[in-house]
Amino acid sequence: MAAAKPGASSSPASPDLDQLTLDQLRSLKEQADLEVNLLQDSLNNINTATARLDLASTALHDLSLRPQGKQLLVPLTGSLYVKGVLDDNDQVLVDVGTGYFVEKTMVEGKDYCQRKINLLKSNYEQLYEVAVKKKTIADEAGVILQAKLKQLSPSSGAGAVLHQGHQKRKDKDIMALLVATVAAAEHQNGNGSCRYWSGGWPNAVVA
């Protein structure tokens, strides 16, 4: 069985992420992240159930060592206990779910808890393996998405040249606006000087 797991894990064909579009990568990453979160919740629930069964198994073992007639505290809730007497240390009530209880011997009760624990551990391992795969897909999609966005950004490759061209045209527009403003101010003053301009010319790039 151990040798079959690697083959089974590699059987699903993983998508060629490099061939996906930006929207497809975003959708894939969001879906993978969502599934990872759901799987993580399931793993947490399994851990909680396993811890409760471990506690129940320990309690059964402790009760089996106590003699009949032994006084003890019976938990009614997580914080409320009442005094009681152990009437029979070989018969227990097992909660089988949905409010149903089944009377079993101490040995049967321990065996029930252990079988449940083994089942939960097996489910945990399977879910954990799936969660790791989904997390890997989400991480790979995120890396490729960032790389493609970087290629399209103005700071790289042809985008940088295009950005520089836009910047030069913007600088020319600013220069023309300043010249027009100064000329208008000189015309209003009528003395050929501009009282509204106290600084030097901007360091604009004119190509």
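Biologist: What pattern does the protein chain follow, read along the sequence?
Modeller: This is a predicted model. In it, the protein chain runs α-α-β-β-β-β-α-α.

Biologist: And how many helices and strands is that?
Modeller: The secondary structure comes to 4 helices and 4 strands.

Biologist: How much of the protein chain is buried?
Modeller: Buried residues make up 18% of the 207 residues.

Biologist: What about the accessible surface of the protein chain?
Modeller: The accessible surface comes to about 15200 Å². Carbon and sulfur atoms account for 58% of that surface.

Biologist: What share of the contacts join residues at least 24 apart?
Modeller: Take the contacts between residues at least 6 apart in sequence. Of those, 51% join residues at least 24 apart.

Biologist: Can you give me a case? Which residues does Leu149 contact?
Modeller: Leu149 lies in helix α3. Leave aside its neighbours within four places in sequence, and Leu149 is in contact with Leu22 and Arg26.

Biologist: How far apart are Leu149 and Leu22?
Modeller: Along the chain, they are 127 residues apart. In space, their C-alpha atoms are separated by 8.1 Å.

Biologist: Is Leu149 buried or exposed?
Modeller: In between. Leu149 has a relative accessible area of 31%, so it counts as partly exposed. Buried would need under 20%, and exposed over 50%.

Biologist: Now Leu34. Where does Leu34 lie?
Modeller: Leu34 lies in helix α2. Its relative accessibility is 45%, so Leu34 is partly exposed.

Biologist: How far is Leu34 from Ala138?
Modeller: The two are 104 residues apart along the chain. Their C-alpha atoms are separated by 9.6 Å.

Biologist: Staying in α2, what does Thr50 contact?
Modeller: Thr50 is also placed in helix α2. Not counting neighbours within four places in sequence, Thr50 is in contact with Ile117 and Leu120.

Biologist: Why is Thr50 called buried?
Modeller: Because its relative accessible area is 11%. The cut-off for buried is under 20%.

Biologist: New topic, pockets. How do you find empty space at all?
Modeller: You roll a probe the size of a water molecule over the atoms, and that shows where empty space is left.

Biologist: What volume does the largest pocket have?
Modeller: The largest pocket has a volume of about 1400 Å³. It is lined by 38 residues. Closest to its centre are Ala56, Ala59, Leu60, Leu93 and Asp95.

Biologist: Which elements each supply at least two residues of the lining?
Modeller: Two helices and three strands are on that list: α2 (22-64), α3 (106-152), β1 (71-75), β2 (81-85) and β3 (91-97).

Biologist: Which one gives the most?
Modeller: α2 does, with 9 residues.

Biologist: And the lining by class?
Modeller: The lining of the largest pocket has 24 nonpolar residues. The rest are 7 polar and 7 charged.

Biologist: Let's look at a strand. Where is Val74, and what does Val74 touch?
Modeller: Val74 lies in strand β1. Not counting residues up to four places away in sequence, Val74 touches Leu80, Tyr81, Val82 and Gly84.

Biologist: How far is Val74 from Val85?
Modeller: In sequence, they are 11 residues apart. C-alpha to C-alpha, the distance is 8.8 Å.

Biologist: Is Val74 buried or exposed?
Modeller: In between again. Val74 has a relative accessible area of 33%, so it is partly exposed.

Biologist: How many aromatic pairs are there?
Modeller: The count comes to 1 aromatic pair. The rings of Tyr124 and Tyr128 have centres 6.3 Å apart and planes at 10°, so the pair is stacked.

Biologist: Why those two numbers?
Modeller: A pair of aromatic rings is described by the distance of the centres and the angle of the planes.

Biologist: Where do Tyr124 and Tyr128 lie?
Modeller: Both lie in helix α3. They are 4 residues apart, about one turn of the helix. Tyr124 is partly exposed at 27%. Tyr128 is partly exposed too, at 46%.

Biologist: Last one. What is the phi of Thr98?
Modeller: Thr98 has a positive phi of about 55°, although it is not a glycine. Most residues other than glycine have a negative phi.

Biologist: And where does Thr98 sit?
Modeller: Thr98 is in the loop between β3 and β4 (100-105). Its relative accessibility is 74%, so Thr98 counts as exposed.

Conventions
Residues numbered from 1 in each chain as written. Predicted model: local features only at pLDDT ≥ 70, side-chain atom pairs only at ≥ 80, totals over all residues. Heavy atoms only, no water. 1 Å grid on protein atoms, 1.4 Å probe; cavity = no way out; pocket = protein on both sides within 12 Å on 5 of 7 lines; lining within 4 Å. Points joined across faces, edges and corners; volume = space filled by probe spheres on them. Nonpolar A, V, L, I, M, F, W, Y, C, P; charged D, E, K, R; others polar. Buried < 20%, exposed > 50% of the residue type's maximum accessible area, 1.4 Å probe, protein only. Phe/Tyr/Trp six-rings, centres within 6.5 Å; stacked < 30°, edge-to-face > 60°. Contact = heavy atoms within 4.5 Å. Areas by Shrake-Rupley, 256 points an atom, 1.4 Å probe, with all protein chains shown as cover.
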